[in-house]
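Me: I should like to examine the following structure by question and answer. Please begin with the terms that are needed.

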Amino acid sequence: MSTQTRVLVTGAGGFIGSHLVKYLKQSEYWVRGADIKNPGFDETAADEFELLDLRRWENCLQATQDIDEVYALAADMGGMGYISSNHAQIMRNNNLLDIHTLDASRINGVSRLMYPSSACVYPEFLQEEADVTPLKEEDAYPAMPQDAYGWQKLISERTCMHFQEEFDIETRVVRFHNIFGPFGTWDGGREKAPAALCRKVAVAKLTGNPEVEIWGDGEQTRSFCYIDDCLVGLHKLMRSDYHQPLNLGQDRMVTINQLVEMIAEIAGIQIKRKHIPGPQGVRGRNSDNTRLKEVLNWEPTISLEEGLARTYAWIEKQVQAKLDREHE
Ligand code: NAD
């Protein structure tokens with residue numbers, strides 16, 4: 001067998017997973033992708049791609065066979081609209097995915113596993129103001145995440161921690177803060193705020209109707225991290241010896257109103273914001289990157305403006321193609 005490290009990326013048909021496969025291939029890894037669906041927008045770059053339902057134990061055993069390292073990205077997930085209204089399904093699917101992937105990795109002798117957790121693990125009571133104090137890793141306890149999605153991530157973080165302590169497997173846990181970029185879900189109900197807003201602005205531009213709907217008053221705050229930075233940080237963390245949860249995101253906080261105005265400027269149009277009722281998540285959230293910088297000696301560098309410009313350009317093309325199909 002070759003000396004190349006053999007990596008499994010689960011969720012390789014999804015947004016971060018499909019980008020990660022490309023990144024790892026460029027870094028000379030041998031890569032197996034696994035997902036319940038093929039990548040939505042591009043051919044996979046993986047050496048092998050297996051269509052598998054990873055909630056099932058035997059499929060996880062198959063996926064992790066002859067594998068050195070796993071990035072366990074598969075999850076039932078979406079933006080606020082999705083995670084605020086599918087609690088039982090998210091709990092069930094993600095618990096099955098995570099425990100079966102982790103345990104099959106252990107049984108097959110995988111040496112290292114990366115678990116993608118989320119800023120959604122942080123307690124709701126620390127995120128009630130728009131001008132929120134950035135969240136440090138230790139703020140996750142005492143725990144009170146807003147949704148089942150966050151509780152489930154916290155349970156899997158702890159499962160990883162105990163597997164590392166008691167079994168022969170190294171685990172890494174990353175807490176993503178709103179990763180965005182091209183080649184991600186941009187419509188259909190699972191899209192997250194940056195993609196949804198790029199789509200709405202593109203529709204406004206291409207149809208000439210300047211009205212853009214915003215859930216709530218738009219004064220809720222977040223930070224957003226571009227996918228290329230996410231991949232660099234993820235790989236650095238995997239290679240490090242740090243096995244506590246680590247934030248991975250930008251620490252520049254903007255309101256949703258500011259975000260949509262930035263996108264409109266990129267699109268070169270004036271929009272009219274229409275505020276409507278809708279799920280908003282916590283009022284404010286930002287990443288404290290102190291530990292990220294200490295541990296990885298690095299932090300994300302791609303500006304929000306640059307990341308949005310790249311993402312908007314791709315989404316405008318998708319919207320244009322969809323409008324063309326509708327008019328055929
Ligand atoms: P995504 O939805 O684009 O990708 C997840 C992939 O998992 C999808 O392709 C989906 O088909 C696959 N999947 C779902 N159920 C499966 C099953 N039963 N068997 C096999 N595959 C299955 O999401 P993403 O944005 O790429 O997120 C990747 C990981 O990062 C997830 O664990 C997510 O919870 C976590 N995360 C992402 C963000 C973000 O901002 N994108 C933030 C926090 C955490």
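Reply: Domain bounds are taken from an automatic or database domain assignment. The model is predicted, so that local features need pLDDT of at least 70 and side-chain atom pairs count only at pLDDT 80 or more, while totals for chains, interfaces and linings use all residues. Residues are numbered from 1 along each chain as its sequence is written, and side-chain values use heavy atoms, with hydrogens and water left out.

Me: How far apart do the C-alpha centres of domain 1 and domain 2 lie?

Reply: Domain 1 comprises 6–179 + 226–248, and domain 2 comprises 182–223 + 252–283 + 302–322. The separation of their C-alpha centres is 26 Å.

Me: How much area do domain 1 and domain 2 bury between them?

Reply: Contact (heavy atoms within 4.5 Å) links 28 residues of domain 1 with 25 residues of domain 2. Buried area is the accessible area (1.4 Å probe) that two parts lose on being put together, summed over both. Carbon and sulfur atoms carry 59% of the area here, and the total is about 2,200 Å².

Me: How far apart are the closest N and O atoms of the salt bridge between D228 and R310?

Reply: A salt bridge requires a side-chain nitrogen of Lys or Arg within 4 Å of a carboxyl oxygen of Asp or Glu. The rule finds 2 salt bridges across the interface of domain 1 and domain 2. For D228 and R310, the closest N and O atoms are separated by 3.4 Å.

Me: Which helices each supply at least two residues of the side of domain 1 that touches domain 2?

Reply: Helices (H or I, at least four residues) and strands (E, at least two) are DSSP runs, numbered from the N terminus. The helices that meet the condition are helix 1 (15–26), helix 3 (80–83) and helix 7 (227–239).

Me: Which polar side-chain atom lies 2.8 Å from an oxygen atom of the ligand?

Reply: Of the 26 residues that surround the ligand (a heavy atom within 4 Å of it), the closest are I16, D35, Y149, I179 and K192. Polar backbone atoms of G14 and I179 lie 3.0 Å and 2.8 Å, respectively, from an oxygen atom of the ligand. The side-chain atom at 2.8 Å belongs to K192.

Me: Which residue does a cis peptide bond join to Y141?

Reply: The bond has omega of about 0 degrees. Its partner is found in the loop between strand 5 (112–118) and helix 5 (148–166). That residue is P142.

Me: What is the phi of N178?

Reply: N178 is found in the loop between strand 6 (170–176) and strand 7 (179–180). Although N178 is not a glycine, its phi is positive, at about 45 degrees.

Methods: A polar contact is a pair of N or O atoms within 3.5 Å; within protein, one must be able to donate a hydrogen and the other to accept it, and residues adjacent in sequence count only if both atoms are side-chain atoms.
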